[in-house]
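User: I am new to reading protein models. Could we go through one feature at a time, with the general idea and then the case at hand?

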Amino acid sequence: MTGTPQTADGTPGNTPPDGPPPPPVTDTVTDTVTDAAPPAGPTPAPTPTAAAPAPSPAPLSNGLAAAGLAAVRGLWLAVSGIVAGTVLFSLTAVSIALVPVLGIGLLTTPPLLAAVRAHADKRRELCRTWGGLAAVGRPYRPLPPEARAGGPGGRARRCLALLRDPATWRDLHWLLAGTVAGALPALLPLALPAEGVFGVLLAAGLWEPVAGAQDGGVYWYAFVPVDSQGTANYAALLGLGWIALGLRFGPALLSLVFRLDAVLLRPTRRAALARRVARLQQTRHDAVDSSAAELRRIERDLHDGAQARLVAMGMSLSTAEALIEKDPAQAKAVLAQARRSSADALTELRDLVRGIHPPVLAERGLADAVRALALRLPLPVEVTAEVPRRLAEPVEAAVYFAVSELLTNAVKHAGARRAWVTLRHVPEAGLLHAAVLDDGHGGADPARGSGLRGVERRLGQFDGTLSVDSPPGGPTQVTLDVPCPAPGGPR
Amino acid sequence: MRVVLAEDLFLLRDGLVRMLEAYGFEITAAVDNGPELSRALRELRPDVAVVDVRLPPSFTDEGLQCALAARRERPGLPVLVLSQHVEQLYAQELLADGTGGVGYLLKDRVFDADQFADAVRRVAAGGTAMDPQVIQQLLARGGRDRPVETLTPREREVMELVAQGRSNAAIAERLVVTERAVAKHTSNIFAKLGLPVSDDDNRRVLAVLAYLDTR
């Protein structure tokens, strides 16, 4: 925050602070994976996925560990599911029933539903981390603005909006069905081995007191009547079967639970479509807005710039024409002026063209355009690119301008001394990935900076996403992912 | 001096032909696309080629690619590349083989016919003509702790002209000083930047450009 790096950089003036004159920083623009390690910081770390219970028969110890994990997790799922499920379901049901009664329910329902959603979100998260499933989307509709207001009025509107959301009812449905139906398979990975161990213990002598405590002296272990050491041995045999079943199928049972949860918790087709439509509406709105603003800017630049200069040039030329015989020296001066006007007009047009669609991008494609951009900046930028020469043109342009904006931010706002750009096209995923890393002082916040928001909006038109990792003190890493199918062929 | 010219816009091609002919160049071919340029460079073996970066049929950097390919085939073939925009990336590619006989100028420079004709002659003679904008960009980047920052304003001015590819005589004329004064400036510059002194104009340019290009 104090800007120490800048002052340290700025004040020494002519004398290099230490060592040999050329800083060990070269502007190598490489095609290969960079070897200069970026500063310790946000490497694109994979999300912490807990070891998913993979039922692999290979080593026995692994299988046992997986079964043990499944047993513990299953117990947790069952207990938390039953407890939270019954409590939340009954409270919410009562609260909703109280809505018509003097509107009491209007006040109590929103916080309860928030708790239900938190519980459901926790389970969605577990489906991913414990269950190893793909991320389960949230199906909820965004609240309308009037329902976000404070006060009793806002709360009542919030309640009604929540009740109108089909996802609310699906959550309640899940609470009831999912936790009850899911609890049994969730408990089995623990219950089966436990019951099996009990069977073995019966054969080890426990049958006597247990059977003795029963009326008639017979204890039914599942379908085995235990009343002697012989029958207890049968119980032990069956128990070993239970243990084997529990160990073999425990992880599978647990993953069944997660799959059931995922089916109940993920957005319905209808809800997914509704969300998609809302998103498309928003991005289309942004696209129309930004292209209108862009056209307006171009119009103004041409009007005040090149157009005006050409008018001036025309006037100079006709003045020169009038002067050429009377006063050749003066005519020559006016002609020189006309030439300057035309040079200025060219410069302005060139800058304008660069802002519309950079010529290098048209001539060389994304990778070289970013390299050319890097060479233009006052700090060393290392560009690593693994992209085909040509990609879909609109995506190329969007990513180019996004990277340009991010690098400008690194120079202007982060006080960076170095930056790294990575471009990668993943044809299998149909995704263009770009990352801009700088060693500046960080603290970039997409919620505050209009620049980052603008980038996000522009990428949104292509269903692209932007994520920012910029702790105070730096470094800053911004990553972009834009859907981009492999090009049909070189153009 | 025999010139092959490649420019796809009729107005500009026509203007360039007139201008170069007025300065005594012989235009052996004036073509408007990449394949014809390649053929002309191979068959006519001109003394110098003046080439627009962007040419049909691809309207990408076809002219530049043709020029680079022709120089690979015939090292040192003098090529002056013209463009509506200058990019250091392209300048680096043109200079990469280190053989000289390379020019890279904004089309605007054609406005000054004398200087443009001079640039064509210089390139044809194996020299260099780099656009002032390329040099400015090279100077604009990089940290403050570079030895370039220790140059006096006059030395810096001289260095920019050296980097553009001008001879001591041309620099002296431009700055209205004696050639001796320019020689003194250049030896100071080379000493400050730690570059080996060379009487060969071309090697001198390449050394300065290479120096500016590394940080």
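User: What percentage of the 491 residues in chain A do buried residues make up?

Analyst: Keep in mind that this is a predicted model. A residue is called buried if 20 or more other C-beta atoms lie within 10 Å of its own. In chain A, 33% of the 491 residues are buried. For chain B, the share is 45% of 215 residues.

User: Which class does A272(A) fall into, and where is A272(A) placed?

Analyst: The class follows from a count of neighbours. A272(A) has 13 other C-beta atoms within 10 Å, so A272(A) is partly exposed. A272(A) belongs to helix α7 of chain A, residues 269-304. A residue can also lie beside another that is far off along the chain: the C-alpha atoms of A272(A) and P139(A) are separated by 7.0 Å, with their places 133 residues apart along the chain.

User: How are contacts in the two chains split by distance in sequence?

Analyst: Take the contacts between residues at least 6 apart in sequence, and ask what share joins residues at least 24 apart. In chain A that share is 71%. In chain B it is 62%.

User: How many helices and strands are there in each chain?

Analyst: Chain A has 13 helices and seven strands. Chain B has 10 helices and six strands.

User: What is the order of the strands in the open sheet of five strands in chain A?

Analyst: Reading a sheet means listing its strands side by side. Here the order is β3-β4-β5-β7-β6 of chain A, and the pairing is mixed. β3 (381-386) and β6 (465-469) of chain A are at the edges; each has a single partner strand, so one side of each lacks a neighbour in the sheet. On average, neighbouring strands of this sheet are turned by 10° against each other, direction ignored.

User: Which way do β4 and β5 of chain A run, parallel or antiparallel?

Analyst: They run antiparallel: eight bridges join β4 (residues 419-426) of chain A to β5 (residues 431-438) of chain A. One pair to look at is T422(A), whose bridge partner in β5(A) is A435(A).

User: Which helices lie on these strands?

Analyst: Helix α11 (residues 366-376) of chain A lies across β3 and β4 of chain A, and runs at about 180° to β3(A). Helix α12 (residues 393-412) of chain A packs on the sheet and touches β3, β4, β5 and β7 (476-483) of chain A. The direction of α12 makes about 10° with that of β5(A).

User: What is the order of the six strands in the open sheet of chain B?

Analyst: The order is β2-β1-β3-β4-β5-β6 of chain B, with parallel pairing. At the edges are β2 (26-31) and β6 (128-130) of chain B, each pairing on one side only. Inside this sheet, four bridges join β1 (residues 2-6) of chain B to β3 (residues 48-52) of chain B. L5(B) stands opposite V50(B) in β3(B).

User: At what angle do helices α7 and α9 of chain B pack?

Analyst: A helix pair is read from the angle and the distance between the two axes. Helix α7 (residues 153-164) of chain B and helix α9 (residues 179-193) of chain B pack at about 90°, with their axes 9 Å apart. They are therefore roughly perpendicular to each other. The residues of this contact divide into five nonpolar, three polar and two charged. Among them, V158(B) and M159(B) are in α7(B), and V182(B) and I189(B) are in α9(B).

User: Which backbone details are worth a look?

Analyst: Most residues other than glycine have a negative phi, and most peptide bonds are trans. D463(A) is not a glycine, yet has a positive phi of about 65°. D463(A) is in the loop between α13 (450-460) and β6 of chain A. R45(B) also has a positive phi, near 40°, and lies in the loop between α2 (34-44) and β3 of chain B. With 12 C-beta neighbours inside 10 Å, R45(B) counts as exposed. A cis peptide bond, with omega about 0°, joins P56(B) and P57(B). P57(B) is in the loop between β3 and α3 (62-73) of chain B.

Methods: Residues numbered from 1 in each chain as written. Chains lettered and ligands numbered in written order. Predicted model: local features only at pLDDT ≥ 70, side-chain atom pairs only at ≥ 80, totals over all residues. Axes fitted to C-alpha atoms, helices over the stretch in contact; angles between N-to-C directions. Helix = DSSP H or I, 4+ residues; strand = E, 2+ residues; numbered from the N terminus. Parallel < 35°, antiparallel > 145°, perpendicular 65-115°, else oblique. Contact = placed C-beta atoms within 7 Å. Nonpolar A, V, L, I, M, F, W, Y, C, P; charged D, E, K, R; others polar. Pairing = 2+ DSSP bridges.
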